[in-house]
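The following exercises are to be worked through with the sequence and the model at hand. Each task is followed by a solution in steps.

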Amino acid sequence: MEEKPGWKYQFIESLGMKIAINEETKVLYSEDKIRYSPEECQLLSKINYQIPLQVHIVKKIFQGNIISLQ
């Protein structure tokens with residue numbers, strides 16, 4: 001993942017890849033091009049963006065939205 005200004009990058013152990021968070025819009029992208037909305041990004045920040053692999057796979061397949069972390 002090429003790092004660009006205005007983005008925060010972090011390696012996520014659970015996914016085995018980097019994520020990029022736009023510092024202005026708060027949109028999150030994973031290296032495999034899955035987009036997480038600002039609302040999802042806010043939820044994921046509570047767990048330091050350690051997205052469970054199963055959740056990421058489901059999002060990749062169905063393009064759904066994370067609405068809660070339980």
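**Exercise 1. Determine in what order the four strands form the open sheet, and which strands lie at its edges.**

Solution. In this predicted model, the order of the strands is E1-E2-E3-E4, with antiparallel pairing. Next, the edges are found by asking which strands pair on one side only: these are strand E1 (7-12) and strand E4 (35-36). As background, strands of a sheet pair through backbone hydrogen bonds, either parallel or antiparallel.

**Exercise 2. Describe how E2 is joined to E1 and to strand E3, and state whether E2 is largely enclosed or not.**

Solution. Step one concerns E1: six bridges join this strand to E2, and the two run antiparallel. Within this pairing, Tyr-9 has Ala-20 of E2 as its bridge partner. Step two concerns E3 (residues 28-30), which is joined to E2 by three bridges, again antiparallel. Here Ala-20 stands opposite Tyr-29 of E3. Ala-20 thus appears in both pairings, facing Tyr-9 and Tyr-29. Step three uses accessibility: five of the six residues of E2 are buried, so the strand is largely enclosed by the rest of the structure. The cut-off applied is under 20% relative accessible area.

**Exercise 3. Locate residues with a positive phi in the two hairpins and outside them.**

Solution. Begin with the hairpin of E1 and E2, where four residues lie between the strands and Gly-16 takes a positive phi near 70°. The hairpin of E2 and E3 has five residues between its strands, and Lys-26 in the turn has a positive phi of about 65°. Most residues other than glycine have a negative phi, and most peptide bonds are trans. Two further non-glycine residues are then to be noted. Asn-48 has a positive phi near 55°; this residue lies in the loop between H1 and H2 and is partly exposed, at 46% relative accessibility. Gln-63 also has a positive phi near 55°; Gln-63 is placed in the segment after H2 and counts as exposed at 56%.

**Exercise 4. Identify the residues with the most contacts inside the largest nonpolar core, and the elements that give two or more residues to this core.**

Solution. The core has 14 residues, and those with the most contacts inside it are Ile-19, Ile-21, Leu-28, Tyr-36, Leu-44, Tyr-49 and Ile-51. Strand E2 (17-22) and helix H1 (38-45) are the elements that contribute two or more residues. Tyr-36 may then be examined on its own. Setting aside residues up to four places away in sequence, Tyr-36 touches Val-27, Leu-28, Leu-44, Ile-51, His-56, Lys-59 and Ile-66. In soluble globular proteins, nonpolar side chains tend to be buried together.

**Exercise 5. State which residues form a nonpolar patch on the surface, and whether Phe-62 is buried or exposed.**

Solution. The patch consists of Leu-53, Ile-57, Val-58, Ile-61 and Phe-62, which together have about 500 Å² of accessible area. Phe-62 belongs to helix H2 (residues 53-62). The relative accessibility of Phe-62 is 62%. Since the cut-off for exposed is over 50%, Phe-62 counts as exposed.

**Exercise 6. For each of the three salt bridges, name the parts that are tied together and the accessibility of the partners.**

Solution. First, Glu-3 pairs with Lys-18, with the closest N and O atoms 2.8 Å apart. Glu-3 lies in the segment before E1 and Lys-18 in strand E2, so the bridge ties together parts 15 residues apart in sequence. Glu-3 is partly exposed at 49%, as is Lys-18 at 25%.

Second, Asp-32 and Lys-60 meet at 3.3 Å, N to O. Because Asp-32 lies in the loop between E3 and E4 and Lys-60 in helix H2, parts 28 residues apart in sequence are tied together. Asp-32 is partly exposed at 23%, and Lys-60 is partly exposed at 43%.

Third, Lys-59 pairs with Glu-40, the closest N and O atoms being 3.1 Å apart. Lys-59 lies in helix H2 and Glu-40 in helix H1, so this pair ties together parts 19 residues apart in sequence. Lys-59 is buried, with a relative accessible area of 8%, and Glu-40 is buried, with 1%.

Conventions
Residues are numbered from 1 along each chain as its sequence is written. This is a predicted model: local features need pLDDT of at least 70, side-chain atom pairs count only at pLDDT 80 or more; totals for chains, interfaces and linings use all residues. Side-chain values use heavy atoms; hydrogens and water are left out. A nonpolar core is a set of buried Ala, Val, Leu, Ile, Met, Phe, Trp, Tyr and Cys residues joined through side-chain atoms within 4.5 Å. Buried means under 20% relative accessible area, exposed over 50%, partly exposed in between (1.4 Å probe, protein chains only). Contact means heavy atoms within 4.5 Å. Patches are made of residues with over 30% relative accessible area and no salt bridge: like charges are joined within 9 Å, nonpolar side chains (Val, Leu, Ile, Met, Phe, Trp, Tyr) within 5 Å. Accessible areas come from the Shrake-Rupley method with a 1.4 Å probe; for residues, only the protein chains shown count as cover. A salt bridge is a side-chain nitrogen of Lys or Arg within 4 Å of a carboxyl oxygen of Asp or Glu. Two strands pair if DSSP finds at least two bridges between them.
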